[in-house]
Amino acid sequence: MSGGRDVVLGRIRRALADVPAAERPEDVAVPRDYRTTHTDDDPARALDLLAARLADYRARVHRCGEQEIPRRVAELLAERGSRAVVVPGGLPSAWLSRAEGVEVVTDDPGLTHARLDGVRSVVTGCALAIAETGTLVLDASPDQGSRRISLIPDHHVCVVRAPAQVVASVPLALPRLDPARPLTWISGPSATSDIELDRVEGVHGPRVLDVIIATTDG
Amino acid sequence: MSRTDLGMPAFPRAAERATRDQRLRGNLRHATHTIRAKRATAVAELDDWQRLRAAGAAVKNRTLRHLDHYLLQAEAAVTEAGGTVHWAADAAEANRIVAGLVKRTGEREVVKVKSMATQETGLNAALEAEGIRAYETDLAELIVQLGHDRPSHILVPAIHRNRGEIRDIFRREMAAWGRPAPEALGDDPAELAEAARLHLREKFLRAKVGVSGANFLVAETGTLVVLESEGNGRMCLTLPDTLISVVGIEKIVPTWRDLEVFLQLLPRSSTAERMNPYTTTWTGTTDGDGPRAFHLVLLDNGRTDALADTVGRQALRCIRCSACLNVCPVYERAGGHAYGSAYPGPIGAILTPQLRGVTDPLDASLPYASSLCGACYEVCPVAIDIPEVLVHLRERVVEGGRVTRHGARVTIKPAKGHAAERAAMRAARWTFDHPRALRAGERLASRTRRLHPSRLRVLPGPARAWSDSRDLPAVPPEPFRDWWARHRAAKGERE
Ligand code: SF4
């Protein structure tokens, strides 16, 4: 194995004979005069943009105040006829308090993939949401759980707390994310255009993505 | 190196076949024009696009000029985070490493995320020879695999198939690979996608080993990044116990921050979306979430040979968005298969001859599969001057000279009189003989350009003839004139 390593590194160094020995990586200038954001600073505008962009990629957007989360969650589960829902261990317990008659399965490494496959819905929070691109980012924090729970069930309800969790752009999102955590960026439900470029929503990931944008002190 | 397409005819013959296939051409035309228009809209949303493009090119230049430094940094970071790093000088070594890792798990099957690197190395066939079955899980790759076929486009590999053919393939082949297609499967795309979902779900749930590539590898953090649409990537990256990622050494970016450039450039250039449905990033392994073992296989396989060429090096900036395919008048008529490798279109025309050399007739003909209209350069999110590299490679074919092959400096002979030259000539003639391909190119080229390659006008020798297509068939200057004239007259040119 180290054979391959030495061979490749040796080839690279010979290939770069034209690069002056004194040149450091930082000496190769990278112009960063692109925009940090394409949206103005107004948080209300960012929220509207997020809602519009999410909807543009066929996520279903629901806006409400924070106190209304439990009712909205219950409605969305009922609408899909979900009898069971998986939740991350750190999800605020109030969020499921109105979901009557729904079995709540808590994320746990002991859950088999097959068991998860039998659960219709999942409810999670998120790490942040990016307005310009209509993107939710999950970072496996306690209110989001392991990556597979937002993947295997067919229906994902994701709660975004606004304005704290909303950023305008990709450049504003990255510094707030920890690369050491496994991240999942979600922009609309899973989709394919592989057959004659016809867009079909829902291949392997959740086919329905409900986003609740809950405004603090709503 | 491994050839995925042994026995491929040289570009012009394969292109000729594609040109005669009306349905294929219709599919391709529809696909490329649709994606092209959508891309333009997605790009127009960002008024700093040219700045992002310049930044993307610069980040990649920085990386390439100090590639050893960044690879070592990435290796340390991945190892620190619980991953294991392997280095493969060529395709055979990469395939051996992957097969060995799979065998050590005791498993006999793997699920795969669409990956150009493993197509390039012919991994599936290599695993098959070791008794390991590789299941492609991207819908288009599944169609290609079940159809015993080859991909024809980077983004939409099965674009040469229409819905009726796909239904037939699913009905005929799915049962041999796992869950059969439903009895009354129709040809509605939603129905076909549902059949794929059911067929693959059981594979995802039981898979113990996943194999992927990566779009980016962040050196400072050791983070890998995969962009996708369907969720099959997330399945393969998170459900198995063991994950093996085969990643070209040029996929590195120095910092986490650099992703702010590429996560804006890539989705808009590729699927023409503001953001693709799913992006997964991971750093080593995480307790209680995802694979317990992670292996990164860093792949050279000719990349260092391209790196040694100061003109050709820029091809390694490529982020595989496929925008250049969708605007290429030659690709539109020739189809992806004509390029004879995992990399079709303009990027294939400059990458394949650098990864594999230009001594083979197919590879020698690829730099001629272009009208040099420059549309590819226009849309390239990392500003690769594809026409410049094409002209450079044509000179290499015609004049020979010093190049790096398998890490060693060698002198290649001029193509004169060899099969390679005949193939190149046929490719050139094919391009010229399809005036619509040329005219389409000229129309695009005549639009206002930014960052336009200016060297074309002053290139000497054979290059000149290709950069001034309007004057054809006027006599090009020396030494190209003799070469051209001799071969216009040569017998066997119509084969
Ligand atoms: S060469 Fe440029 S346009 Fe073509 S696939 Fe690569 S990055 Fe995209």
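Here are some questions and answers about this predicted model.

Student: How many helices and strands does chain B have?
Tutor: Let's start with the whole chain. Of its 495 residues, 67% count as buried, and among contacts in chain B between residues at least 6 apart in sequence, 75% join residues at least 24 apart. The count you want for chain B is 23 helices and twelve strands.

Student: Which helix gives the largest share of the largest nonpolar core?
Tutor: That core has 129 residues, and those touching the most other members are Trp185(A), Phe11(B), Phe216(B), Leu259(B), Phe262(B), Leu296(B) and Ile350(B). The largest share is seven residues, and it comes from chain B, residues 386-399, which is helix H19.

Student: Where does this core lie relative to the domains of chain B?
Tutor: Look at who contributes. Domain 1 (11-303) and domain 2 (419-494) of chain B both give residues to the core, so its place is between domain 1 and domain 2.

Student: Which residues does Phe262(B) touch, leaving out those up to four places away in sequence?
Tutor: Phe262(B) is one of the core residues that touch the most other members. Leaving out the sequence neighbours up to four places away, its contacts are Gly56(B), Val59(B), Lys60(B), Phe216(B), Val253(B), Pro267(B), Ile319(B) and Val382(B).

Student: How far apart are the end C-alpha atoms over residues 73-285 of chain B?
Tutor: An unreviewed UniProt entry places the feature "domain: LUD" at those residues. Over them the chain is 45% helix and 19% strand. The end C-alpha atoms are apart by 18 Å.

Student: What should helix H4 of chain B span, at 1.5 Å a residue?
Tutor: H4 covers residues 67-80, which makes 14 residues. The expected span takes 1.5 Å times one less than the number of residues. The end C-alpha atoms agree with the result, so the span is 20 Å.

Student: Which residue with a positive phi follows H4(B)?
Tutor: Within H4(B), the buried residues are Leu67(B), Asp68(B), Tyr70(B), Leu71(B), Ala74(B), Glu75(B), Ala77(B) and Val78(B). After the helix, phi turns up near 100 degrees at Gly82(B).

Student: Is Ala164(A) buried or exposed?
Tutor: Ala164(A) sits in the loop between strand E7 (155-162) and strand E8 (166-167) of chain A. Its relative accessible area is 54%, and the cut-off is over 50%, so Ala164(A) counts as exposed.

Terms used. Residues are numbered from 1 along each chain as its sequence is written. Chains are lettered from A and ligands numbered from 1 in the order in which they are written. This is a predicted model: local features need pLDDT of at least 70, side-chain atom pairs count only at pLDDT 80 or more; totals for chains, interfaces and linings use all residues. Side-chain values use heavy atoms; hydrogens and water are left out. A nonpolar core is a set of buried Ala, Val, Leu, Ile, Met, Phe, Trp, Tyr and Cys residues joined through side-chain atoms within 4.5 Å. Buried means under 20% relative accessible area, exposed over 50%, partly exposed in between (1.4 Å probe, protein chains only). Helices (H or I, at least four residues) and strands (E, at least two) are DSSP runs, numbered from the N terminus. Domain bounds come from an automatic or database domain assignment. Contact means heavy atoms within 4.5 Å. UniProt positions are given in the numbering used here, feature names are shortened, and annotations may be inferred rather than shown by experiment.
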